[in-house]
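Reader: I would like a close look at one helix of this predicted model and at what surrounds it, followed by the open and enclosed spaces of the structure. Please take it step by step and keep each statement tied to the coordinates.

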Amino acid sequence: MTEPVVRIPDAKVALSTASVYPESTATAFEIAARLGYDGVEVMVWTDPVSQDIEALRRLSDYHQVPILAVHAPCLLITQRVWSTDPWVKLQRARAAAEKLDASTVVVHPPFRWQRAYAREFVRGIWRMADETDVRFAVENMYPWRYRDREMLAYAPGWDVTQDDYRHFTIDLSHTATARTDALEMVDRMGDRLAHLHLADGQGSNKDEHLVPGRGTQPCAELLERLAVGGFNGNVVVEVNTRRAMSTTEREADLAEALAFTRLHLASPTSATRRRRAVPGS
């Protein structure tokens with residue numbers, strides 16, 4: 001049998017519902033289906049649909065778009081979503097993931113002012129991970145900056161590789177804002193890397209979430225590395241389209257992001273490399 005020229009890993013390419021903001025969660029399912037994404041990651045936030053498991057199930061069934069991950073409500077604007085108790089939020093995120101057949105719950109490290117939560121976070125995440133097949137993938141963050149001042153807003157820290165977690169999410173917009181080497185961070189995560197938030201950034205003080213390829217992050221190189229390694233987690237396009245002037249412009253950005261991801265999430269086989277190495281063969 002002839003060896004294929006390109007090897008595609010088992011990773012699924014999903015659209016984060018955050019990528020259509022200020023449009024609704026329901027709109028994200030519609031766009032994901034129309035553009036050909038493999039699934040969605042639900043960002044649980046103030047949109048009531050994002051908090052409603054049955055509503056999410058109906059959207060998934062109607063559009064035939066599976067829910068691959070649930071992003072727990074960890075943002076400042078979601079402090080009161082699904083309770084003010086951060087452990088209750090994670091319990092509800094796990095329950096939602098289990099009921100929706102999602103493989104992953106994405107969670108941020110605590111804010112420093114959540115002192116009791118932060119003290120128990122690493123041990124607590126391990127306990128919760130031991131109780132389910134759902135992966136709790138802790139996401140890298142970044143220091144907050146204002147002019148020449150830097151504030152460490154997260155505890156135990158924004159660089160999650162400094163602590164012991166079973167699974168990680170890497171976000172390339174966050175590595176840009178943190179001004180850290182994304183590929184070195186991936187090396188530190190090793191086989192515990194379970195989830196990728198694909199976006200780009202230029203290293204500004206803002207968390208930009210640009211369409212991949214429009215910033216300075218090694219988006220293409222990382223995807224190609226994951227392909228070679230047979231990565232079987234989820235690759236989630238999580239970009240900022242708030243400045244889009246129309247639905248058409250927003251969809252064009254999301255289509256571009258999907259095309260970029262599929263292009264680079266593939267690796268040449270040994271046969272292809274041999275043909276490249278021997279001109280004229």
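Author: A polar contact here is a pair of N or O atoms within 3.5 Å, where, within protein, one atom must be able to donate a hydrogen and the other to accept it. With that in hand, Thr175 makes a useful short example before the main helix: its side chain reaches the backbone oxygen of Leu172 at 2.9 Å. Thr175 lies in helix α6, which covers residues 172–178, and this threonine is buried, with a relative accessible area of 0%. When neighbours within four places in sequence are set aside, Thr175 is in contact with Asn140, Ile170, Thr180, Ala182, Met185 and Gln217. The model is a predicted one, and every value given here is computed from it.

The part that deserves the close look is helix α3, which runs over residues 53–63 and in which Ile53, Ala55, Leu56, Leu59 and Ser60 are buried. Seen down the axis of α3, these buried residues fall within an arc of 165°, and therefore they line one face of the helix. On the other side of α3, by contrast, Arg58 and Tyr62 are exposed. The buried residues of the helix pack against several elements, namely the helices α1 (25–35), α2 (48–51) and α4 (86–100), together with the strands β3 (39–43) and β4 (67–71).

Both ends of α3 have a local feature that can be picked out in the coordinates. At the N-terminal end, Asp52 acts as a cap, with a side-chain oxygen that lies 3.1 Å from the backbone nitrogen of Glu54. Just after the helix, Gln64 takes a positive phi of about 55°.

Helix α1, one of the partners of the buried face of α3, spans residues 25–35, and a residue of another helix can be followed to that stretch. Glu251 has its place in helix α9, which covers residues 247–264, and Glu251 is buried, with a relative accessible area of 14%; the cut-off for that word is under 20%. Apart from neighbours within four places in sequence, Glu251 is in contact with Ile31, Arg34 and Leu35.

Helix α4, another partner of α3, leads on to an enclosed space. A search of the whole structure finds one cavity of 30 Å³ or more, and the largest cavity has a volume of about 110 Å³. Its lining includes Pro73, Cys74, Gln79, Pro86, Lys89, Leu90, His108 and Tyr117, and α4 gives the most to that lining, with three residues. By class, the lining of this cavity divides into eight nonpolar residues, three polar and one charged.

The open spaces come last. The largest pocket has a volume of about 780 Å³; of the 30 residues that line it, the closest to its centre are Met43, Leu75, Asp207, His209 and Arg242. The lining of the largest pocket divides into 14 nonpolar, nine polar and seven charged residues. The second largest pocket holds about 390 Å³ of space, and of its 15 lining residues the closest to its centre are Glu208, His209, Leu210, Asn240 and Arg243. Here the lining divides into three nonpolar, four polar and eight charged residues. His209 is thus named among the residues closest to the centre for the largest pocket and for the second largest pocket.

Notes:
Residues are numbered from 1 along each chain as its sequence is written. This is a predicted model: local features need pLDDT of at least 70, side-chain atom pairs count only at pLDDT 80 or more; totals for chains, interfaces and linings use all residues. Side-chain values use heavy atoms; hydrogens and water are left out. On a 1 Å grid over the protein atoms alone, a cavity is a set of points where a 1.4 Å probe fits but cannot get out, and a pocket is an open set with protein on both sides within 12 Å along at least five of seven lines; lining residues have an atom within 4 Å of a point. Grid points are joined across faces, edges and corners, and a volume is the space filled by probe spheres set on the points. Ala, Val, Leu, Ile, Met, Phe, Trp, Tyr, Cys and Pro count as nonpolar, Asp, Glu, Lys and Arg as charged, and the others, Gly among them, as polar. Buried means under 20% relative accessible area, exposed over 50%, partly exposed in between (1.4 Å probe, protein chains only). Helices (H or I, at least four residues) and strands (E, at least two) are DSSP runs, numbered from the N terminus. The arc is that of the directions from the helix axis to the C-beta atoms. Contact means heavy atoms within 4.5 Å.
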